[in-house]
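Trainee: I am new to this structure and would like a close look at one part of it. Could you take me slowly through a single helix and its surroundings?

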Amino acid sequence: MTAARPSQAAERALPAWAVEPLDMDGAARALGISRRTLTDLLAVPRARDALPLWELRGRRKKVFYPEHVARLREAFASC
C-alpha cells in the first residue's frame, strides 16, 4: 500500500510566513478607495528618501504587501 499523496491545493498552499501580495485592485479595496483614486494618489511626487509604497513585478505591475498598505494609509491620511 502506498502513502496517500497530498492534494494539489495543499501542495500549492503558501507557507504560514508567506503573504500573497495585492495588485492595484486589491490594494484599492483594502484602502477603501477606487482604483482610479489610488492611481491618482500614487502619481503625486514624494520625497526621494521616502519609503517605497509598492514593489514592481516586471516592468509595470505594482504589487502591495501589508507594510505597503500601512504606509499608504499613513501617506493618504496626511493629504
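Mentor: What follows is a walk around helix 2 and the parts beside it. This is a predicted model, in which local features need pLDDT of at least 70 and side-chain atom pairs count only at pLDDT 80 or more, while totals for chains, interfaces and linings use all residues. Residues are numbered from 1 along each chain as its sequence is written, and side-chain values use heavy atoms, with hydrogens and water left out.

To set the scene, the protein has four helices and two strands, where helices (H or I, at least four residues) and strands (E, at least two) are DSSP runs numbered from the N terminus. Read from the N terminus, these elements come in the order α-α-α-β-β-α. Of its 79 residues, 19% count as buried, a term that means under 20% relative accessible area, with exposed meaning over 50% and partly exposed in between (1.4 Å probe, protein chains only).

Helix 2 spans residues 24-31, and its buried residues are Met24, Gly26, Ala27, Ala28 and Leu31. Among the elements that cover these buried residues are helix 3 (35-42), strand 2 (61-63) and helix 4 (66-77). Asp25, which also belongs to helix 2, is partly exposed, with a relative accessible area of 34%. Although Asp25 and Arg35 are 10 residues apart along the chain, their C-alpha atoms are separated by 5.8 Å. After helix 2 comes Gly32, whose phi is positive, near 75°.

The covering side can be followed through Leu38, which has its place in helix 3 and counts as buried, at 0% relative accessibility. Leaving aside neighbours within four places in sequence, Leu38 is in contact (heavy atoms within 4.5 Å) with Met24, Ala27, Ala28, Leu31, Ile33, Phe64, Leu72 and Phe76. One of these partners, Ala28, is 10 residues from Leu38 in sequence, and the two C-alpha atoms are 6.1 Å apart in space.

Helix 4 holds His68, a buried residue with a relative accessible area of 3%. Not counting residues up to four places away in sequence, His68 touches Pro52, Leu53, Trp54, Glu55 and Val63. Over the face of that Trp54 lies Lys62, at 5.0 Å from the ring centre; a charge sits over a ring if NZ of Lys or CZ of Arg is within 6 Å of the ring centre and within 35 degrees of the ring normal.

Lys62 also leads to the largest pocket, whose lining is made up of Asp23, Met24, Arg35, Thr39, Leu42, Arg60, Lys61 and Lys62. On a 1 Å grid over the protein atoms alone, a pocket is an open set of points where a 1.4 Å probe fits, with protein on both sides within 12 Å along at least five of seven lines, and lining residues have an atom within 4 Å of a point. Helix 3 gives the most to this lining, with three residues, and both helix 3 and strand 2 supply at least two. The lining residues divide into two nonpolar, one polar and five charged, where Ala, Val, Leu, Ile, Met, Phe, Trp, Tyr, Cys and Pro count as nonpolar, Asp, Glu, Lys and Arg as charged, and the others, Gly among them, as polar.
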